[in-house]
Amino acid sequence: MRGFFPSALAAALLAGTACGSGGPVGVSLNMPGIAVLPPGSFSEIIVTDFADTAPPADLAPGLELPNYLAAEIGRVFAGPVSRATVPAEAAAGPAPHSFWKEKGAGHEGAVFLTGSVGLTGQVRKAVDRVVPLDRLFDASRSGLVEHLRWTMAVDVFLVSAATGEVLHRTNLREYRDYKELDKPVEFAFSALSDLIRARLFPALLGTSTIERRALLRR
Amino acid sequence: MRFKAIASLAAIALLAAGGCARSPASGFLAAGLASARQDAWEDAARQWAQAVANDPGSAAAHNNLAIAYERQGAWEEAEREYGEALRLAPDEPTIKSNYAAFKARLERLRGRMP
């Protein structure tokens, strides 16, 4: 009888653990995108020059961004992808239906990817998170550091080559901070173009994205 | 005396186990998890749909099935299953978090029409 209570306790604990370990299971999923235009509604993409709303001195994002987007779209889109030159006013407007119909003659299954882009740099002050302990109370040190923030703002239109109608419009804005105030603009342009691509493609092409979810065991 | 002790021991174990009785969905839930771990999401969806059929009150089964539907791009079905999971377990943080991520993604991708 002396061993009864420890044995009973052990049995109860064992039974309890049999239904334990029920925490959620984290999973990473490759989820399909949701294209803003119905599948099959266009068979060709013509990427035009973008209007430059705020070009930096030594870079032309209105040309470089469409070049980059056209190359990247060509890697994932099954149909033809080409570049076209249009006046900045036509891209930023966008131009009237008749302009796009004329420009798209012979490419009725195409959509134009057009719009405007601004790339601006700004030196900003921010709180320095790493202040040495021996300088915590040093009045000469304010705890502020300067960094360079590059911001890319893109206004994108999808225009039907058949009707000249704007099928979709989106505004995308991304920024990157750099500690080096003399960081060449090309670095920021490259990083920001990639962020814009990552946001634009799921909506434009329905490309998939990686998502985190948690499954339940019981 | 000895028999009495053994019987009492068994009764205690059974009582303790009874507190976490397996639901009719638990076998299918586990099978679905195993399939999902092997990236066999269609099979996982089948298992969790069966779990829902066997135990419509299982919030876990609805949650998991919603995720499988998301994986297939079946947004309306996913919305329905998340809704049911939240109705059954409105305070379950995992389901709330999954649903918030699902809604945010849908709005991010859909909310850009002119």
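**Figure 1. Aromatic pairs in the structure, with a close-up of Phe99(A) and Trp100(A).** Seven aromatic pairs are present over all chains of this predicted model. In one of them, Phe99(A) and Trp100(A) meet edge-to-face, with 5.0 Å from centre to centre and 90° between the planes. Phe99(A) is partly exposed, at 25% relative accessibility, whereas Trp100(A) is buried, at 0%. Ring pairs join Phe99(A) and Trp100(A) with Phe112(A) in a cluster.

**Figure 2. The ring pair of Tyr82(B) and Phe102(B).** The ring centres of Tyr82(B) and Phe102(B) are 5.2 Å apart and the planes lie at 40°, so the pair is classed as tilted. Tyr82(B) belongs to helix α5 (residues 75-88) of chain B and Phe102(B) to helix α6 (residues 93-110) of chain B; the pair therefore ties together parts that are 20 residues apart in sequence. Both Tyr82(B) and Phe102(B) are buried.

**Figure 3. Surroundings of Asp155(A) in strand β6 of chain A.** Strand β6, which contains Asp155(A), spans residues 144-160. Asp155(A) has a relative accessible area of 12% and is therefore buried, the cut-off being under 20%. A polar contact of 2.5 Å joins the side chain of Asp155(A) to the side chain of Arg169(A). Beyond its neighbours within four places in sequence, the residues in contact with Asp155(A) include Thr114(A), Gly115(A), Ser116(A), Thr170(A) and Asn171(A).

**Figure 4. Charged groups over aromatic rings in chain A.** The charged end of Arg149(A) is placed over the ring of Tyr175(A), at 3.9 Å from the ring centre. Over the ring of Phe187(A) sits the charged end of Lys183(A), 4.4 Å from the centre of that ring.

Note on methods: Residues numbered from 1 in each chain as written. Chains lettered and ligands numbered in written order. Predicted model: local features only at pLDDT ≥ 70, side-chain atom pairs only at ≥ 80, totals over all residues. Heavy atoms only, no water. Helix = DSSP H or I, 4+ residues; strand = E, 2+ residues; numbered from the N terminus. Buried < 20%, exposed > 50% of the residue type's maximum accessible area, 1.4 Å probe, protein only. Polar contact = N/O pair within 3.5 Å; in protein donor to acceptor, adjacent residues only side chain to side chain. Contact = heavy atoms within 4.5 Å. Phe/Tyr/Trp six-rings, centres within 6.5 Å; stacked < 30°, edge-to-face > 60°. Lys NZ or Arg CZ within 6 Å of the ring centre and 35° of its normal.
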